[in-house]
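This report introduces the pockets, salt bridges and surface of one protein structure. The reader is invited to look at the structure first and then to follow the text.

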Amino acid sequence: MTIPEACQLVLEAGAMGNGGEIYIFDMGKPVRIIDLARKMIKLAGFIPDKEIKIKIVGLRPGEKLYEELLNDNEIQDEQIYPKIFVGKASFMQSNELNLIIEELQFMDKDKMAKTLLEIANTKSFEKIVGAV
């Protein structure tokens, strides 16, 4: 997706919004960064891997290969506008959230990570509260 296309989707979503909606944009198929780098080098008039070397350094701390904004259960199937979907967020009662926050304070980092992953991957918050 080009920058003008992305800007157009943001403007369209903003015009449709009533407040509180979560809009997910269909960004098209993913592009491999190595292909993008080679294309940019060629567009600059150079030969990739000969005149300009490409060094693959791997992921740095905090980087991801893929970004998942919502899980499959949180995206409505129909598009409300071309390339714009509406997300349907899961909600947790404030008392459940407060209980989890209190318990997280006393967990080691491994248990905390496991609990947060469970919260992110389930709609059944009662199971999480009972397990904490």
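How do the residues of the lining of the second largest pocket divide into nonpolar, polar and charged? Eight of these lining residues are nonpolar, one is polar and three are charged. The structure shown is a predicted model, and every value below is computed from it.

**The two pockets**

The second largest pocket has a volume of about 310 Å³. Its lining includes Arg32, Ile33, Ile34 and Ala37, together with residues such as Ile54, Lys55, Ile56 and Val57. Gly58, Leu59, Glu63 and Leu65 also belong to the lining of this second largest pocket.

The largest pocket holds about 730 Å³ of space. Its lining is made up of 19 residues, and those nearest the centre of the pocket are Gly28, Lys29, Pro30, Val31 and Arg32. Helix H2 supplies six residues, the largest share of this lining. By class, the lining of the largest pocket comprises eleven nonpolar residues, one polar residue and seven charged residues.

**The loop before helix H2**

Two of the residues nearest the centre of the largest pocket, Pro30 and Val31, deserve a separate description. Valine 31 is placed in the loop between strand S1 (22-25) and helix H2 (33-43). Its relative accessibility is 61%, so valine 31 counts as exposed, the cut-off for that class being over 50%. Proline 30 is found in the loop between S1 and H2, and it is exposed as well, with a relative accessible area of 72%. In sequence, proline 30 and methionine 1 are 29 residues apart, while in space their C-alpha atoms are 9.2 Å apart.

Valine 31 also takes part in a nonpolar surface patch, which it makes with Ile33, Leu36 and Met40. The area of this patch is about 430 Å².

**Salt bridges**

Side chains of opposite charge can pair when their charged atoms come close. A search of the whole structure finds three salt bridges, listed here with the distance between N and O atoms.

| Basic residue | Acidic residue | N to O distance |
|---|---|---|
| Arginine 32 | Aspartate 35 | 3.2 Å |
| Arginine 38 | Aspartate 49 | 3.3 Å |
| Lysine 114 | Glutamate 118 | 3.8 Å |

In the pair of arginine 32 and aspartate 35, arginine 32 counts as exposed because its relative accessibility is 54%. Aspartate 35 is partly exposed, with a relative accessible area of 37%.

Arginine 38 forms a salt bridge with aspartate 49. Arginine 38 lies in helix H2, whereas aspartate 49 lies in the loop between H2 and strand S2 (75-81), so this pair ties together parts that are eleven residues apart in sequence. Arginine 38 has a relative accessible area of 30% and is partly exposed. Aspartate 49, at 32% relative accessibility, likewise counts as partly exposed.

Where do lysine 114 and glutamate 118 lie? Both lie in helix H4 (residues 109-121), four residues apart, which is about one turn of the helix. Glutamate 118 counts as partly exposed, at 29% relative accessibility.

**Arginine 32 in context**

Arginine 32 connects several of these topics. This residue is among those nearest the centre of the largest pocket, and it also lines the second largest pocket. In addition, arginine 32 forms a salt bridge with aspartate 35.

Conventions. Residues numbered from 1 in each chain as written. Predicted model: local features only at pLDDT ≥ 70, side-chain atom pairs only at ≥ 80, totals over all residues. Heavy atoms only, no water. Patch = residues over 30% accessible without salt bridge, like charges linked within 9 Å, V, L, I, M, F, W, Y side chains within 5 Å. Areas by Shrake-Rupley, 256 points an atom, 1.4 Å probe, with all protein chains shown as cover. Salt bridge = Lys/Arg side-chain N within 4 Å of Asp/Glu carboxyl O. Helix = DSSP H or I, 4+ residues; strand = E, 2+ residues; numbered from the N terminus. Buried < 20%, exposed > 50% of the residue type's maximum accessible area, 1.4 Å probe, protein only. 1 Å grid on protein atoms, 1.4 Å probe; cavity = no way out; pocket = protein on both sides within 12 Å on 5 of 7 lines; lining within 4 Å. Points joined across faces, edges and corners; volume = space filled by probe spheres on them. Nonpolar A, V, L, I, M, F, W, Y, C, P; charged D, E, K, R; others polar.
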